[in-house]
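Please open the model in your viewer and keep the sequence beside it. The stops below each suggest a selection and then say what can be found there.

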Amino acid sequence: MIFKNQGIIAIGAHPDDIELGCGASLAKLANDGFNIYAIVLSLGDKGNPQNKNRMIETRYALNALGVKESFFFDFEDTKLALNLSEIITVLENIFKEVSLSSTIKRIYTMYVEDRHQDHRAIYDASIVAFRAVKQILCYETPSSTTYFNPKVFENFDEIFLEKKITALKYHESQMHRTYMDENFIRSIARFRGQQAGYLLSEGFVPYKMVL
């Protein structure tokens, strides 16, 4: 089934958040015909020891997943909560813009109990800005795994896991991090798949799920 003119928005606090949390799901949904939109609210300067251009890295990565259009902003890394009202306005404006060409069916955002303060701020902004959207799912990041208990799963074939892994390899500035290791990415997909009763999956905690 091709989902013509139906859209999905994924939001991340930093470059690589979206790819880590729902990269394989987005690749699968893009292949199914959904228009995928990505929003990244900071350039991740605090986590960039090599001073690489992380916006370019994530632009290539998101393109590899089949994202139709990406929006990048440079709110101060680690201090997104101080700009919450402005971020809500930014998200609302993008929602209005993309809704002119796509019916937005689902939002992927960050998890409320994530230990990173920027991630929690993105969750807070998302549930306000996208309150009219029927489905809002929170994705997993390395800083959310202690508390993360998914109830919704997207199963996918190996080809979409490979697209996720390929996308993450564009983040050269982050390759020193253990959670970027291909074996780690595969182990999470297999573990979530086992929970869901499939070979491979990504897991999500629903904020809202209207069927």
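Begin by selecting Tyr108 and Phe204, both of which are buried in this predicted model. Tyr108 belongs to strand S4, residues 103-109, while Phe204 belongs to strand S7, residues 201-209. Their rings form a tilted aromatic pair, with 5.0 Å from centre to centre and 45° between the planes. Because one partner sits in S4 and the other in S7, the pair ties together parts that are 96 residues apart in sequence. The structure holds six aromatic pairs, and a further pair can be reached from strand S7.

Select Tyr123 and Tyr207 next, and turn the view until both rings can be seen. The ring centres of Tyr123 and Tyr207 are 6.1 Å apart and the planes stand at 85°, so this pair is edge-to-face. Tyr123 is in helix H4 (residues 117-129) and Tyr207 is in strand S7, so that the pair links parts of the chain 84 residues apart. Are these two rings buried or exposed? Tyr123 is buried, with a relative accessible area of 9%, whereas Tyr207, at 41%, counts as partly exposed.

Now move to helix H1, which covers residues 17-31, and pick out Glu19 there. Glu19 is buried yet has no salt bridge, and the nearest side chain of opposite charge, that of Arg54, is 7.9 Å away. What does the side chain of Glu19 meet in a polar contact? The partner is the side chain of His171, at 2.7 Å. If you display the surroundings of Glu19 and leave aside its neighbours within four places in sequence, the residues in contact with Glu19 include Thr58, Ala61, Leu62 and Leu65, as well as Lys164, Ala167 and Leu168.

Just before helix H1, select Asp16, which is found in the loop between strand S1 (6-12) and H1. Asp16 is a residue other than glycine with a positive phi, near 90°, and at 4% relative accessibility Asp16 counts as buried. As a background to this stop, most residues other than glycine have a negative phi. Thr78 also has a positive phi, near 75°, and can be found in the loop between strand S3 (69-72) and helix H3 (84-98). With a relative accessible area of 26%, Thr78 is partly exposed.

The next selection is Phe156, in the loop between strand S6 (152-155) and helix H5 (158-169). Phe156 is buried, at a relative accessible area of 6%. Add Ser25 to the selection: although Phe156 and Ser25 are 131 residues apart along the chain, their C-alpha atoms are separated by 7.1 Å. Not counting residues up to four places away in sequence, Phe156 touches several others, among them Ala24, Lys28, Leu161 and Ala189, together with Leu200, Ser201 and Glu202.

Finish with the cysteines. How many disulfides does a search of the whole structure find? The search finds zero. Cys22 is in no disulfide, and the nearest cysteine sulfur to that of Cys22 belongs to Cys138, 11 Å away. Seen from Cys138, the closest cysteine sulfur is that of Cys22, and the 11 Å between them is too far for a bond. Cys22 counts as buried at 0% relative accessibility, and Cys138 is buried with a relative accessible area of 2%.

Terms used: Residues numbered from 1 in each chain as written. Predicted model: local features only at pLDDT ≥ 70, side-chain atom pairs only at ≥ 80, totals over all residues. Heavy atoms only, no water. Helix = DSSP H or I, 4+ residues; strand = E, 2+ residues; numbered from the N terminus. Buried < 20%, exposed > 50% of the residue type's maximum accessible area, 1.4 Å probe, protein only. Lys, Arg positive; Asp, Glu negative; His and termini not counted. Salt bridge = Lys/Arg side-chain N within 4 Å of Asp/Glu carboxyl O. Polar contact = N/O pair within 3.5 Å; in protein donor to acceptor, adjacent residues only side chain to side chain. Contact = heavy atoms within 4.5 Å. Phe/Tyr/Trp six-rings, centres within 6.5 Å; stacked < 30°, edge-to-face > 60°. Disulfide = S-S within 2.5 Å.
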